[in-house]
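Thank you all for coming; I would like to take a few minutes to walk you through one chain, starting with its overall form and ending with a few single residues. Please have a look at it first.

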Amino acid sequence: MQDIKATKNLKDEQYYIDLYDKFTIKECHEHIKIYSEEKPPIPPESFELRDLKNNVKKMIGDVALCFLKGNKFASKSETIRRWIQRDKMLDELIENTSPSKDIACIHCYNPMTCKEKEIYWGDNTRVLFFFYCEKCKENRAFYDNGEEFQVAPDKCTKCQNTVQRKYSRKGNKVTIKLICPQCKFTDKEIWDFNERTKENIDKNFIADRERFCLSKEEGLKYLTGIDNLKQVTRSFEEAEERKKQRELYDAVAKVKKLNISDVEKLVAKSLEKEGFIRLKLENPQMSRDIKIEFTVQDSKSGIHEHDRKMKLKKVINKALLETNWKLIDDGIYYKLGILSGRLRGLEHEEDLMKLVQARQKKEKE
Ligand SMILES: [Zn+2]
Ligand SMILES: [Zn+2]
């Protein structure tokens, strides 16, 4: 079995800690930039007022930064654990995937040797195998499913013909030579991974880490503080909830519990004032509550029946407002001066609570 060099993904834990901290530092810098941007006054605003606004914005930014730092600490260990797990899985994938056999050189048809394999950087899900021809020094690369890795052809800058690419690699430096077979123009591209790494070096990293990345002790203190804050908020909400419940029980206790003859008297009296006379209650239907039909005569004439129905509704609702009775909403009928409808009487505390809640909600609307 040939020896294939595999590019490993899993790194030391410190690598992931540093990477996470770099993201935190970047995010904090961006945050500070947003909150410290000073805007000039827009007339008629005075300089003093604008200064004040800028200062307030900065103060809010400072407080928000504390939360940002704390939240980054809170997600740190879980994120690092996920990254490590991901890289371990990628290494397992590389380890357990074998290259296609019988890859031949396109120039001399001799079998090529697979020398390296790594996770394809484009999607992080496939393994890419690099083959090499000892005789012509040519390279080919294939994915684990046998598909060849293709680079979109480059065009010659002089004659627009498709150029040939030749790769060579020394350590972390990859040189790509572009040769035009038509006009013989040559060009060179160099990828220096060392240089790229240097570009990313943050000279203030140590100081920034000190400033933005909470130590374990600071982080735990933050989390305890947040927990306490949540606890206080919860207690406050619970107290509010208990208060609301108490108010509801008080309201239910205040509901006047009327029996049928009380209701009859109360409603008849209110209706008569508005010209609805001879209230008559029919046979009650008894179940968990009582439903009872009624009829009443309209002593006024010449008014549209819709207006009279609305009036009747309003009068009954008002008369029953503080009682355990209500008008059933599903309709009031009017025929030749006789109006009919239904009343409902409640007895159970649960039902009364719902009734009170519905009335309170209606009152707020
Ligand atoms: Zn060859
Ligand atoms: Zn050319």
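I will go from the whole chain to its domains, then to one helix, a set of strands and two residues in loops.

Please keep in mind that this is a predicted model, in which local features need pLDDT of at least 70 and side-chain atom pairs count only at pLDDT 80 or more, while totals for chains, interfaces and linings use all residues. Residues are numbered from 1 along each chain as its sequence is written, and chains are lettered from A and ligands numbered from 1 in the order in which they are written.

Let me begin with the overall form. The radius of gyration of the chain, taken over C-alpha atoms, is 41 Å, whereas a compact globule of 365 residues would have one near 21 Å, by the rule of 2.2 Å times the number of residues to the power 0.38. Along the principal axes, the C-alpha atoms fill a box of roughly 115 × 55 × 50 Å. Of the 365 residues, 12% are buried, a word I use when 20 or more other C-beta atoms, placed from the backbone, lie within 10 Å of a residue's own, with exposed meaning 12 or fewer and partly exposed in between. The chain holds eight helices and 13 strands, which are DSSP runs numbered from the N terminus, with H or I and at least four residues for a helix, and E and at least two for a strand.

Now to the domains, whose bounds come from an automatic or database domain assignment. There are domain 1 (5-95), domain 2 (113-199), domain 3 (215-254) and domain 4 (260-364). The centres of domain 1 and domain 2, taken over C-alpha atoms, are 35 Å apart, and seven residues of domain 1 are in contact with seven residues of domain 2, where contact means that the C-beta atoms, placed from the backbone, lie within 7 Å. On the side of domain 1 that touches domain 2, the elements giving two or more residues are β1 (5-6) and α2 (47-95), and α2 provides the largest share, with three residues.

What about helix α8, residues 349-364: does its span agree or disagree with its 16 residues? The expected span, which is 1.5 Å times one less than the number of residues, is 22 Å, and the end C-alpha atoms of α8 are 23 Å apart, which agrees. The helix α8 is also hardly covered, with one buried residue among its 16.

Next come three strands, where pairing requires at least two bridges found by DSSP. Strand β5 (residues 164-170) pairs with strand β6 (residues 173-179) in the antiparallel sense over seven bridges, and Arg 165 has Leu 178 in β6 as its bridge partner. These two strands form a hairpin with two residues between them, and Gly 171 in the turn has a positive phi of about 60 degrees. Strand β6 is also joined by seven bridges to the antiparallel strand β7 (residues 186-192), with Lys 177 opposite Lys 188 in β7.

I will end with two residues that have a positive phi although neither is a glycine. Lys 184, in the loop between β6 and β7, has a phi of about 65 degrees and counts as exposed, with 10 C-beta neighbours inside 10 Å. Asn 124, in the loop between β2 (113-119) and β3 (127-132), has a phi of about 60 degrees and is exposed as well, with 11 other C-beta atoms within 10 Å.

Technical notes: Contact = placed C-beta atoms within 7 Å.
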